[in-house]
Amino acid sequence: MSANVKRKTVMENVDRGQDPVLLNLISNGEDLGPMVQHSFESGRPELLMHQLKHVVKKKEVEIEELCKLHYEEFILAVDELRGVLIDAEELKSELASENFRLQEVGSSLLLKLERLLESYSIKKNVAEAVNVSANCVRVLDLCVKCNNHIAEGRFSAALKSVDLIEKESLKHVPVKALKVLIEKRVPLIKSYIVKKVVGEVNEWFVKIRSTAREIGQTALGNAAVARQRDSDKIARQRKAEEQSSTGLVDFMYTLEIEDSSDDSILKFDLTPLYRAYHVHTCLGIQDQFRDYYYKNRLLQLTSDLQISSAQPFLDHQIFLAQIAGFFIIEDRVLRTASSLLLANQVDKMWETAVYKMTSMLDEQFTNMDTASNFLLVKDYVSLLAATLRQYGYMVGPILEWCSKGREIYHELLLSECRKKISVFLANDTFDSMEMRNELDYQTNVRTFNLQLSDMMPDFPYIAPFSSMVPDCCHIVMSFIKDSVNYLTYGGQMIFFDFVKKYLDKLLIDVLNEAMLDKMLSASTVERQAIQIAANIGSMEKACDSFLQHAAQLCGIPAQAVVRHQDGLKAKVHFKASKNEAYLALINLINSKLDEFLALLKNVNWTSDEPPEHSNDYMNEIVIYLHAIMSTAQPILPSDALYKVGCGALEHISNSIVAAFLSDGIKRFTVNAVTSIDIDLNTLESFANEKFHSTGLSEIYKEDSFGSCLIEARQLVSLLLSNQPENFINPVIRERNYYALETKKVEKICEKYKDSPDGLFGSLSNRSSKQSSRQKSMDVLKKRLKDLN
């Protein structure tokens, strides 16, 4: 039967004859106060007490039943435990007897244990003494090692020993005197080490300053070799491109391997610096050493940058090599010496160096009067920039300085070229240049594209120019090369336009002006003027070769230059100067002709007899013109030769007409006109012969040299005509006398007299019969007066 069934049975047995209300209250756990109060108030508390006692008995019975039900096994266990307790008491008594016997046996062993413990104490003391001695020995051994390291110069190892003594060994030293002594010596040792390494660094400062020059020279030399190698490679590539344009050349391709031997690696010793910085770092005073290093190097840089303005700047290579070496060393220190040198410190030193260096260069170059020295310094400066660019330095200000010096350099170069050209012009005899072999022809003609044809001429070859032309061309070529050399590494990637600008300046402002000045000089004679005019034409022709040479040196393909329409401005100036030279030559010839034509006043204008031959002045003129045309024909081009011939003949024609109009001639006779007619015939014969012999007749088929004498010829024909009054007829005048002006004809006709004056002048002819020509002339005079 379960526990719930048993509990129910007990409750039923107790509740019989009991108050169910009281039982319910107790079962529900309610407050019995009101019931107790009610019992006392009703005077029957005994009944309540009796009922409560029955309830208590009932609960006790329930508790007993529950205990029997749940704790029966526990009760049995307690009974068994009581039996075990009895056995334990017996065992205790047996143990006590055994303990007594054991104590009796261990008393002798206890004495031995005390002696053993005493021995252990002695051993401990001895071990402590040995340990203390070992610590002292260890410290002393470290001190000995430290001294040895210092003696051998191994300061890092010495500092490690000192550090071990301070951090590990010194605190274990029980001997106070030894500890105090070591504590006093450690700062002295550190101070000594610092002093030694700083001394080594000072010696290194002195040594590295002299080494920096060698380092810089080596680095700049390597940069120069690399630049030359690149230039050669570009030249070969350019040549291959030009040959490939023809499509007739087979190419052989080769692999070029750059030499990267150890010779190109810059080696220098930074060990003293590393050691000193490591020592200061170990001592925790690295900031102090950083400041010391930076200040000393900055002082060295300042000293290296100081050059007196009065001192000639001839050792610029040493100066720039020193600067290059300095910053190569600083770059190595920055990259390898941990944080000894900061990047902003290097940048600050570099900015200082750039500012002082450019200022010094500006000051020095104001006193420099040689372009070659200027170029040499600029090349070395550009090498410095190329070298230090590899180490990460900002070289823009240096290249900008090179660009700013461009104008100064070219002014010096132009000045030198002006002097050379002046010398060539002064020394030139202005005789056509003779070339005896192909080499001379190639050097002086084909090099500058001055050949008249692609075929090789027979030698000796007489060129249409004098020696000054190839001399000046060589000067121009040298100028182009020097200009390109300056601009190549001057900061501009494309500088062809700059080369053209300065080339135009040389050709226009220097060469062209010098040749014009020589042409217009009072000391220049006709032969020289002819040659100078031809030389100007040759220089005009050479402009294309100058431009192509400049483009080639600038790395621009020849095809691009040909396609490019914007050529040299100098070519236009040379063309204008050539025309001006032709005019000056014509004026010079005309001035000489005026000397001969001045003899017209010696002509007998009132001659009684007709002349038999031409006058002397005309013979002189023909001889002179023959010499001029013979000189000009192989030198001047056809158009210039034609201009010179026409100018001279027109001037003669105008001068003859002017002689008729001159106030010095009051009258002239037909015999005088006949004399001028013979002179004109002589001159016309010469003009026609030259016009055909020079080949001009094939070019100028309509206007010959004879047409230049048309005014004088028509005037003489009119004066010798039997019917001069036909001049009034417009048709005849337009056909035969179109070059004559009526006013001039009128004035000249007033001076005309058909027959010379006799012994008594005109009175002797009053009764003579007038000739028909005179009558016609009189009619013409009258008609012209009426017309005007």
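## Salt bridges, core and surface of a predicted model

Lys 59 is partly exposed, with a relative accessible area of 32%. Its partner in a salt bridge is Glu 62, at 3.8 Å from N to O. Glu 62 is buried, at 12% relative accessibility. The two residues sit 3 positions apart in helix H4 (residues 45-70), so about one helical turn separates them. All of this is read from a predicted model.

**Overall make-up**

The chain has 788 residues, and 40% of them are buried. It is built with 27 helices and 4 strands. Of the contacts with a separation of 6 or more, 78% join residues 24 or more positions apart. The exposed area of the chain is about 45100 Å², with 55% of it supplied by carbon and sulfur atoms.

**Salt bridges**

The whole structure holds 23 salt bridges. Three of the pairs are set out here.

| Pair | N to O distance | Relative accessibility |
|---|---|---|
| Glu 62 and Lys 59 | 3.8 Å | Glu 62 12%, Lys 59 32% |
| Asp 287 and Arg 290 | 2.1 Å | Asp 287 53%, Arg 290 18% |
| Glu 711 and Lys 744 | 3.5 Å | Glu 711 13%, Lys 744 27% |

Take Asp 287 next. It belongs to helix H9 (residues 286-304). Arg 290 lies in helix H9 too, 3 residues away, or about one turn of the helix. Is Asp 287 buried or exposed? Asp 287 counts as exposed, because its relative accessibility is 53% and the cut-off for exposed is over 50%. Arg 290 counts as buried, at 18%. Asp 287 also has a neighbour from elsewhere in the chain: its C-alpha atom is 8.3 Å from that of Leu 340, 53 residues away in sequence.

The side chains of Glu 711 and Lys 744 meet at 3.5 Å. Glu 711 is in helix H24 (residues 710-720) and Lys 744 in helix H26 (residues 742-751), so this pair ties together parts 33 residues apart in sequence. Glu 711 is buried, while Lys 744 is partly exposed.

Salt bridges also form a network, which links Asp 677, Glu 684 and Arg 713.

**A buried charge without a partner**

Glu 526 lies in helix H18 (residues 526-553). Which side chain of opposite charge is nearest to Glu 526? It is Lys 592, 5.5 Å away. Glu 526 is buried yet has no salt bridge, because a salt bridge needs a nitrogen within 4 Å of a carboxyl oxygen. Lys 592 is nonetheless among the contacts of Glu 526. Leaving aside neighbours within four places in sequence, the others are Leu 585, Leu 588, Ile 589, Tyr 624 and Ile 628.

**Nonpolar core**

In soluble globular proteins, nonpolar side chains tend to be buried together. The largest nonpolar core here has 206 residues, and Phe 546 and Leu 636 have the most contacts inside it. Helix H7 (residues 176-246) gives the most to this core, with 17 residues. Another core, of 6 residues, lies apart from it and includes Leu 23, Leu 25, Met 35 and Leu 48.

Beyond its neighbours within four places in sequence, Leu 636 touches Ile 530, Ala 533, Ala 534, Tyr 582, Leu 585, Leu 641 and Val 644. Leu 585 is also a contact of Glu 526.

**Nonpolar surface**

Leu 110, Leu 113, Leu 116, Leu 117 and Tyr 120 make a nonpolar surface patch of about 480 Å². Leu 113 is part of helix H5 (residues 72-152). With 41% relative accessibility, Leu 113 counts as partly exposed.

Technical notes. Residues numbered from 1 in each chain as written. Predicted model: local features only at pLDDT ≥ 70, side-chain atom pairs only at ≥ 80, totals over all residues. Heavy atoms only, no water. Patch = residues over 30% accessible without salt bridge, like charges linked within 9 Å, V, L, I, M, F, W, Y side chains within 5 Å. Areas by Shrake-Rupley, 256 points an atom, 1.4 Å probe, with all protein chains shown as cover. Buried < 20%, exposed > 50% of the residue type's maximum accessible area, 1.4 Å probe, protein only. Core = buried A, V, L, I, M, F, W, Y, C linked by side-chain atoms within 4.5 Å. Contact = heavy atoms within 4.5 Å. Lys, Arg positive; Asp, Glu negative; His and termini not counted.
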